[in-house]
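Me: I should like to learn how to read the features of a protein model. Could we go through them one at a time?

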Amino acid sequence: MTVAFFSGKGRRIGVALGAVSAGLLVLSACDKPTPLATVTVGDNSVSAEASCYNDGKALKESEIQGCLNKKAEKTVKVAMDDKVRFGVDPDVADNGWTLFINGQQAEQEPYKKTYRSIPGSAFFSSQTGETTNSTEISIVETDGKKLTGIWHFKLEKTD
């Protein structure tokens, strides 16, 4: 003869508490996700976490060039007459952000809003006036003095 130590309700409560505890343990082992940056062209939208991020603190000088030279994992197709829309988390906008094109800073002053739109044609001409078929874009969180986060996207020209 078997004696039940717990009633059915007690077992269910115990299992539920165990599941919640296990879930909290798993979550506590995870890193906090980095803020997202998003590039949207038409109805195609691509988001990415930062490839380099130090939880809002300045990146080390020794890491910056390597971070800026990383290749983008996310690609967006862009026609010359499309509008390319960039969006960042509000925390990134509060600090300020700027665009780098093919590893070169494209703007002098950080932008302080969460969203902006730029014509696609701006991304496919080189300094010599020749057109290119793809461009690496980096969204860089900065207050003008220190870099705190870098997101990468690749824009590919379509006809």
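Reply: Let us begin with strands, which are runs assigned by DSSP, at least two residues long and numbered from the N terminus. The model is predicted. In this chain, Thr98 is placed in strand 6, residues 97-101.

Me: How many helices and strands does the chain have, and in what order do the elements run?

Reply: The chain has 3 helices and 10 strands. Read from the N terminus, the order is α-β-β-β-α-β-β-α-β-β-β-β-β.

Me: Is Thr98 buried or exposed?

Reply: A residue is called buried when its relative accessible area is under 20%. Thr98 has a relative accessibility of 1%, and therefore counts as buried. Across the whole chain of 159 residues, buried residues make up 32%.

Me: Which residues surround Thr98?

Reply: Leaving out residues up to four places away in sequence, Thr98 touches Gln105, Glu107, Glu109, Ser138, Ile139, Val140 and Thr142. With Glu107, the side chain of Thr98 also makes a polar contact of 2.9 Å. For the chain in general, consider contacts between residues at least 6 apart in sequence: 65% of them join residues at least 24 apart.

Me: What should one look for in a disulfide?

Reply: A disulfide is a covalent bond between the sulfur atoms of two cysteines. This chain has 1 disulfide. Cys52 and Cys67 form the link, with sulfur atoms 1.9 Å apart. The link of Cys52 and Cys67 is left-handed, with -95° about the S-S bond.

Me: Which parts of the chain does the pair tie together?

Reply: Cys52 belongs to strand 3 (residues 52-53) and Cys67 to helix 2 (residues 61-68), so the disulfide ties together parts that are 15 residues apart in sequence. Both cysteines, Cys52 and Cys67, are buried.

Me: How is a nonpolar core described, and which residues have the most contacts inside the largest one?

Reply: One may give the number of its residues, then the elements that supply them. Here the largest nonpolar core has 23 residues, and those with the most contacts inside it are Phe86, Trp97, Phe123, Ile139, Phe153 and Leu155. Among the elements that give two or more residues to this core are strand 1 (36-41), strand 5 (83-88), helix 3 (90-95) and strand 10 (147-158). A second, separate core has 9 residues, including Leu59, Cys67, Leu68 and Ile150.

Me: What does Phe86 contact beyond its neighbours within four places in sequence?

Reply: The contacts of Phe86 include Thr38, Val39, Trp97, Leu99, Tyr115, Phe123 and Ile139.

Me: In what order do the strands of the open sheet lie?

Reply: The open sheet has 4 strands in the order 2-1-5-8, and their pairing is antiparallel. Strand 2 and strand 8 (115-119) are the edge strands, each of which pairs on one side only. From one strand to the next, the twist averages 20°. Strand 5 and strand 8 are paired over 5 bridges in the antiparallel sense. In one of these, Lys83 has Pro119 of strand 8 as its bridge partner.

Me: What is notable about the phi of Asn102?

Reply: Most residues other than glycine have a negative phi. Asn102 is not a glycine, yet has a positive phi of about 50°. Asn102 is placed in the loop between strand 6 and strand 7 (104-105). With a relative accessible area of 47%, Asn102 is partly exposed.

Conventions. Residues are numbered from 1 along each chain as its sequence is written. This is a predicted model: local features need pLDDT of at least 70, side-chain atom pairs count only at pLDDT 80 or more; totals for chains, interfaces and linings use all residues. Side-chain values use heavy atoms; hydrogens and water are left out. Buried means under 20% relative accessible area, exposed over 50%, partly exposed in between (1.4 Å probe, protein chains only). A polar contact is a pair of N or O atoms within 3.5 Å; within protein, one must be able to donate a hydrogen and the other to accept it, and residues adjacent in sequence count only if both atoms are side-chain atoms. Contact means heavy atoms within 4.5 Å. A disulfide is a pair of cysteine sulfur atoms within 2.5 Å. A nonpolar core is a set of buried Ala, Val, Leu, Ile, Met, Phe, Trp, Tyr and Cys residues joined through side-chain atoms within 4.5 Å. Two strands pair if DSSP finds at least two bridges between them. Axes are lines fitted to C-alpha atoms, for helices over the stretch in contact, and angles run from 0 to 180 degrees between N-to-C directions.
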